[in-house]
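Here are a few exercises to work through with the model open beside you. Try each task on your own before reading the solution.

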Amino acid sequence: MRDALHLGSPAWSIGFVVAAVVAASLVSLTQYAAFPLWLRVLIALSPTVPLAMYLRSISRDTAEIDELALHIRRDAYGFVFCGMIGLFVCVHLLEKAGVMQDFRWSSTQLVLIMFALLIVGAANSSRRFR
């Protein structure tokens, strides 16, 4: 399971997390100061560079891992996709039924849910292939 969860370059993933945290704090500061629009856009989009490099390293990483770990990883990604669709449908129907009125997803919630589903999917898939 550890091979299936090893994703891409650790340096780019850490760089993305650091850039996202710094950009989030700077964006919140720009609301109170008179920064030009181009600078606010540049700050908000700055984490996309390490994210793109991280995603690129994930695609190149597939040649280095064995076929079983690659299959477990793809199975886990499919689990995340199906799980998120199911979650979105359920929340939407609960909102329409009046149970969860004015519910809004935060980006942090979505990332944490996807990460939790990835771990559950990788654990389930690796258990199935043993």
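Accessible areas here come from the Shrake-Rupley method with a 1.4 Å probe. One thing before we start: this is a predicted model.

**Exercise 1. Work out how much surface the protein exposes and what share of it carbon and sulfur atoms supply.**

Step 1: the exposed area comes to about 9,200 Å². Step 2: carbon and sulfur atoms supply 69% of that area. Step 3: now for the inside, where buried means under 20% relative accessible area. Buried residues make up 22% of the 130 residues.

**Exercise 2. Describe the fold: how many helices and strands are there, and in what pattern?**

Step 1: count the elements, and you get six helices and zero strands. Step 2: read along the sequence, and the pattern is α-α-α-α-α-α. Step 3: check the contacts with a separation of 6 or more; residues 24 or more positions apart account for 71% of them.

**Exercise 3. Find the largest nonpolar core and say which helices supply at least two of its residues.**

Step 1: pick out the members, which are Ala76, Val80, Met84, Leu117, Leu118 and Ala122, six residues in all. Step 2: place them on the helices; α5 (67-96) and α6 (107-128) each supply at least two residues of this core. Step 3: put that in context. In soluble globular proteins, nonpolar side chains tend to be buried together.

**Exercise 4. Now the outside: which residues make the nonpolar surface patch of about 440 Å²?**

Step 1: the patch is made by Ile14, Val18, Val22, Leu26 and Leu29. Step 2: take Val18 as a test case, sitting in helix α2 (residues 10-30). Step 3: patch residues need over 30% relative accessible area. Val18 has 47% relative accessibility, so this residue clears that cut-off and counts as partly exposed.

**Exercise 5. Stay on helix α2 and look at Ala24: how far is Ala24 from Pro47 in sequence and in space?**

Step 1: along the chain, Ala24 and Pro47 are 23 residues apart. Step 2: in space, their C-alpha atoms are 9.7 Å apart. Step 3: Ala24 has 48% relative accessibility, so Ala24 counts as partly exposed.

**Exercise 6. Count the disulfides, then classify Cys82 and Cys90 by accessibility.**

Step 1: a disulfide needs a pair of cysteine sulfur atoms within 2.5 Å. By that rule, the count is zero. Step 2: Cys82 has a relative accessible area of 55%, so Cys82 is exposed. Step 3: Cys90 comes in at 46%, so Cys90 is partly exposed.

Technical notes
Residues numbered from 1 in each chain as written. Predicted model: local features only at pLDDT ≥ 70, side-chain atom pairs only at ≥ 80, totals over all residues. Heavy atoms only, no water. Buried < 20%, exposed > 50% of the residue type's maximum accessible area, 1.4 Å probe, protein only. Core = buried A, V, L, I, M, F, W, Y, C linked by side-chain atoms within 4.5 Å. Helix = DSSP H or I, 4+ residues; strand = E, 2+ residues; numbered from the N terminus. Patch = residues over 30% accessible without salt bridge, like charges linked within 9 Å, V, L, I, M, F, W, Y side chains within 5 Å. Salt bridge = Lys/Arg side-chain N within 4 Å of Asp/Glu carboxyl O. Contact = heavy atoms within 4.5 Å.
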